[in-house]
Amino acid sequence: MTVAGLWLFAMALGASALGGMLGMASGIFIVPLLVLWGIDVHAAIAASIVSVIACSCGSAAAFLRSGLTHVRLAVVLETATTLGALTGVFLVGVVPVAALYALFAVVLVVSAWQMLARRRDPARADGAPACRWAGALRLHGRYHDPAVGQQRRYHVQRLPLGMSLMYGAGVLSALLGIGSGVLKIPAMDSALRLPLKVSSATSNFMIGVTAAASAAVYFARGEIDPVIAGPVALGSVAGSVLGARILMRVSGERLRLLFVAVLAVLAVQMLLMALGVQWPGGGR
């Protein structure tokens with residue numbers, strides 16, 4: 001492997017370890033890093049879509065064995081997210097990029113605020129009535145939290161709102177090539193009221209399906225460069241396995257604070273990009 005390939009592998013490994021732990025894949029980190037390194041933005045987005053699939057495959061098995069992934073809920077939510085991803089692919093080039101970045105920055109800020117608000121009032125989620133649609137589909141569940149050594153029950157709430165948010169997450173995922181986990185987790189946390197570890201694990205299971213719907217189109221257009229995508233995919237698999245192991249050992253509150261911090265940093269980055277501010281070294 002060349003020096004450039006090793007750098008791509010190492011970059012993807014670090015990004016996927018963080019992304020896999022948070023359930024948001026690596027695309028949100030990989031795209032700006034590749035652009036900073038001088039890679040064309042379209043090639044960067046295509047490579048990040050491949051990395052999202054690799055990240056999902058790498059961590060999904062560990063989460064399934066631990067019982068954190070809610071497969072039944074993932075299948076229900078993925079119908080909305082995949083439809084949104086397909087819609088987003090056909091909107092590429094139609095919606096101004098600056099407007100997308102600005103909208104995404106606003107969504108990230110609102111998501112971070114909602115997650116902090118829920119942290120301050122966790123009892124509100126437990127006392128709210130369960131959604132009758134979720135009950136009819138048998139979406140309520142339980143999981144074993146290794147951090148505390150206990151079984152925990154949870155009830156899915158406001159399923160229609162969650163489905164609407166998942167559709168929007170899929171649209172933005174395809175338009176920006178970021179992986180929709182960064183929006184799925186706040187949606188599952190704030191709308192569906194899932195435990196954060198369950199949200200992260202279920203998001204990791206879902207993001208590969210969403211990305212695959214977009215990757216097929218990028219592949220047909222010839223925008224996936226194997227020289228770039230190959231090392232990135234290998235690094236993403238290794239990093240996502242590492243991130244999954246960290247997630248099962250860290251407490252839910254620490255995970256929430258870390259996720260909010262990442263959302264805040266990304267919101268600032270997207271706002272600067274919307275205003276046309278280039279990062280040092282960006283572009284060719």
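In the predicted model, Trp7, Leu33, Leu36 and Trp37 make a nonpolar surface patch of about 340 Å² (Val, Leu, Ile, Met, Phe, Trp or Tyr side chains joined within 5 Å, from residues with over 30% relative accessible area and no salt bridge, that is, no side-chain nitrogen of Lys or Arg within 4 Å of a carboxyl oxygen of Asp or Glu; areas by the Shrake-Rupley method with a 1.4 Å probe). Of these residues, Leu33 is found in helix 2, residues 27-36 (helices are DSSP runs of H or I of at least four residues, and strands are E runs of at least two). Leu33 is partly exposed, with a relative accessible area of 32%, where buried means under 20%, exposed over 50% and partly exposed in between.

The largest nonpolar core (buried Ala, Val, Leu, Ile, Met, Phe, Trp, Tyr and Cys residues joined through side-chain atoms within 4.5 Å) has 70 residues, and those with the most contacts inside it include Leu34, Leu73 and Leu192. Helix 12, residues 252-274, gives the most to this core, with 9 residues. Apart from it lies another core of 9 residues, among them Ala46 and Tyr218.

The protein chain has 12 helices and 2 strands, and 53% of its 284 residues are buried. An unreviewed UniProt entry annotates several spans as "transmembrane region", including residues 43-64 and 254-277. Residues 43-64 are 100% helix, whereas residues 254-277 are 88% helix.

Residues are numbered from 1 along each chain as its sequence is written. Local features need pLDDT of at least 70, side-chain atom pairs count only at pLDDT 80 or more, and totals for chains, interfaces and linings use all residues, while side-chain values use heavy atoms, with hydrogens and water left out.

Key
Buried means under 20% relative accessible area, exposed over 50%, partly exposed in between (1.4 Å probe, protein chains only). Patches are made of residues with over 30% relative accessible area and no salt bridge: like charges are joined within 9 Å, nonpolar side chains (Val, Leu, Ile, Met, Phe, Trp, Tyr) within 5 Å. UniProt positions are given in the numbering used here, feature names are shortened, and annotations may be inferred rather than shown by experiment.
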